[in-house]
Amino acid sequence: MARSAFLMPFRALALAGYAWIAMISGAVGTAAQAADYAGPLFDAHLHYNEEAWNGQAGPHPLDDVLARMQRNGVQAVIANSRPNDGTKALAEAREQTRAAGVTVVPFIRLYRNRDDYSNWFRDESIYAMVQSEFARGTAAGPYRGLGEFHLYDSANANGPVAKKLMQFAQAKQLAVLAHVDDVAIDLLLAHAPQARLIWAHTGIGGAPAGRVEALFAKYPQLMGELSYRPGLTCDAGVLCPEWRALLLKYPTRFLIGSDTWVNQRWLYYDDLMRGYRRWLGDLPPTVARQIAWDNGAGLFLGARLPER
């Protein structure tokens with residue numbers, strides 16, 4: 001596949017994200033609204049890719065990204081990076097993360113480079129890499145999950161390596177962060193019915209809220225991460241009615257995330273977190289806290305309260 005063609009869906013995502021940020025920013029100062037959520041945030045979809053730091057020489061070294069997390073009240077992150085060196089750099093920065101009040105939850109990303117995005121599900125060397133990374137662990141402790149991975153054709157969920165990795169995750173009690181459509185959710189969980197699957201973007205292709213609800217009812221271990229989710233918010237950055245109803249029905253099943261897949265997302269990190277705080281403020285305080293912090297902390301940090 002030509003590089004430009006391969007990157008087209010990512011560019012479309014970036015443009016959609018910038019439009020969403022602009023909408024939220026333009027809403028500041030509008031008519032009286034509920035107070036923004038002011039509690040801790042758990043960023044359940046964070047990448048520290050090589051173009052961001054490049055061995056500390058990139059535009060977003062550790063001090064920069066940790067400062068962005070700290071000033072936004074982000075007290076824990078699921079780190080998954082291309083390659084995994086970025087995640088390990090965050091994990092090794094124990095003094096810096098402690099000073100920033102950030103806990104790093106490391107996931108094994110399946111990508112050594114961009115070519116792996118479209119081939120990982122059948123590449124046995126990816127499976128071997130995952131085994132090696134899992135055995136080594138990180139300075140922040142053992143890996144807690146796999147992903148994020150992408151499937152642009154849901155049929156590839158039946159690829160031999162996709163099947164093996166789902167079964168590995170289930171056996172090792174690793175969560176799986178998957179950027180897939182609703183069809184692939186069924187296929188992946190057929191391989192590992194007890195695996196904990198975090199649905200990146202809760203269906204970035206725009207699966208209707210009713211379809212999301214049906215999948216949540218079918219799979220009690222399925223969770224939805226909400227970055228880039230089409231149709232989530234309406235005017236002034238508040239939740240659209242059908243999504244507000246779904247979050248109220250399943251308050252323990254949703255997570256928020258930044259998805260810093262390109263450097264521009266780091267530049268807009270403050271806006272992204274403000275956007276979350278805006279619509280979280282429209283929910284009952286207990287529900288807002290669950291989605292913003294408790295769900296992620298309960299999965300990966302036990303009952304530990306955020307550092308103050």
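Start with the whole chain in view: of the contacts with a separation of 6 or more, 77% join residues 24 or more positions apart. This is a predicted model.

**Whole protein**

Colour by secondary structure. You will find 13 helices and eight strands. Now colour by accessibility. Of the 308 residues, 58% are buried. Switch on the surface. About 12300 Å² is exposed, and carbon and sulfur atoms supply 55% of that area.

**Stop one: N72**

Select helix 3 (62-71) and strand 2 (74-79), then the loop between them, where N72 sits. Is N72 buried or exposed? N72 counts as buried because its relative accessible area is 9%, below the 20% cut-off. Next, show its neighbours, leaving out residues up to four places away in sequence. N72 touches L41 on one side of the numbering. Further along the sequence, N72 also touches Y269, D270, M273 and R277.

**Stop two: the disulfide**

Select C234 and C240 and show their side chains. The two cysteines form a disulfide, with the sulfur atoms 1.9 Å apart. The protein's disulfide count is one. Look along the S-S bond of C234 and C240: the angle about it is 115 degrees, and the link is right-handed.

Now compare the two ends. Which of these cysteines is buried? C240 is, with a relative accessible area of 8%. C234 has a relative accessible area of 30%, so it is classed as partly exposed, a label for values between 20% and 50%.

Definitions and conventions:
Residues numbered from 1 in each chain as written. Predicted model: local features only at pLDDT ≥ 70, side-chain atom pairs only at ≥ 80, totals over all residues. Heavy atoms only, no water. Disulfide = S-S within 2.5 Å. Buried < 20%, exposed > 50% of the residue type's maximum accessible area, 1.4 Å probe, protein only. Helix = DSSP H or I, 4+ residues; strand = E, 2+ residues; numbered from the N terminus. Contact = heavy atoms within 4.5 Å. Areas by Shrake-Rupley, 256 points an atom, 1.4 Å probe, with all protein chains shown as cover.
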